[in-house]
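Reader: I'm new to protein structures, and I'd like to learn how to read one. Could we walk through a few features together?

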Amino acid sequence: MKSARKNKIKTAPKNKVLDTAPKNEVKEMFMKWFKKNSSAGQVMTKRDVVENIIAKLDAKQNDALEKAMNELRREGFIEVKEDGVTLVLTQKGADSLNN
């Protein structure tokens with residue numbers, strides 16, 4: 001009879017902390033760009049996103065790009081336009097940059 005131990009599948013611990021550093025780094029890149037150009041309603045175009053964010057990302061940050069954008073949107077700092085790339089700084093986002 002074979003041991004049940006041999007056939008047991010190892011899984012990652014459920015309480016393992018996910019690496020949030022790349023996502024936070026990307027969020028910071030967006031907010032630094034907006035800080036340089038800060039005013040509520042400030043638009044970050046697709047070209048701005050590509051030249052100032054995407055071109056500077058490493059592989060882990062690139063994987064976290066969508067999550068970072070979604071989190072900034074959920075937090076109310078930016079709005080994402082219908083094209084999914086153009087970003088608009090909200091009043092809450094502008095206020096956060098001035099604090």
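Author: Happily; we will look at one helix and then at one residue. Keep in mind that this is a predicted model.

Reader: How many residues does helix 4 have, and how far does the helix reach?

Author: To judge a helix, compare its reach with the span expected from its residue count. Helix 4 covers residues 59–74, which is 16 residues. From first C-alpha to last, helix 4 reaches 24 Å, close to the expected 22 Å.

Reader: Where does helix 4 bend?

Author: Helix 4 bends at Leu65, by about 45°. Leu65 is also among the buried residues of this helix, a list that includes Ala64, Ala68 and Leu72.

Reader: What covers those buried residues of helix 4?

Author: The cover includes helix 2 (21–36), strand 2 (78–80) and strand 3 (87–89).

Reader: Which residue caps the N-terminal end of helix 4?

Author: Asp58 does: one of its side-chain oxygens lies 3.1 Å from the backbone nitrogen of Lys60. Just after the helix, Gly76 has a positive phi of about 85°.

Reader: Now the single residue: is Leu97 buried or exposed?

Author: Buried means under 20% relative accessible area. Leu97, in helix 5 (residues 91–97), has 9%, so Leu97 counts as buried.

Reader: Which residues does Leu97 touch, leaving out those up to four places away in sequence?

Author: Leu97 touches Met31, Phe34, Lys35, Ser38 and Leu89. Take Lys35: Leu97 and Lys35 are 62 residues apart in sequence, yet their C-alpha atoms are 6.0 Å apart in space.

Note on methods
Residues numbered from 1 in each chain as written. Predicted model: local features only at pLDDT ≥ 70, side-chain atom pairs only at ≥ 80, totals over all residues. Heavy atoms only, no water. Helix = DSSP H or I, 4+ residues; strand = E, 2+ residues; numbered from the N terminus. Buried < 20%, exposed > 50% of the residue type's maximum accessible area, 1.4 Å probe, protein only. Contact = heavy atoms within 4.5 Å. Expected span 1.5 Å × (residues − 1). Bend = angle between axes of the 7 residues up to and from the residue. Polar contact = N/O pair within 3.5 Å; in protein donor to acceptor, adjacent residues only side chain to side chain.
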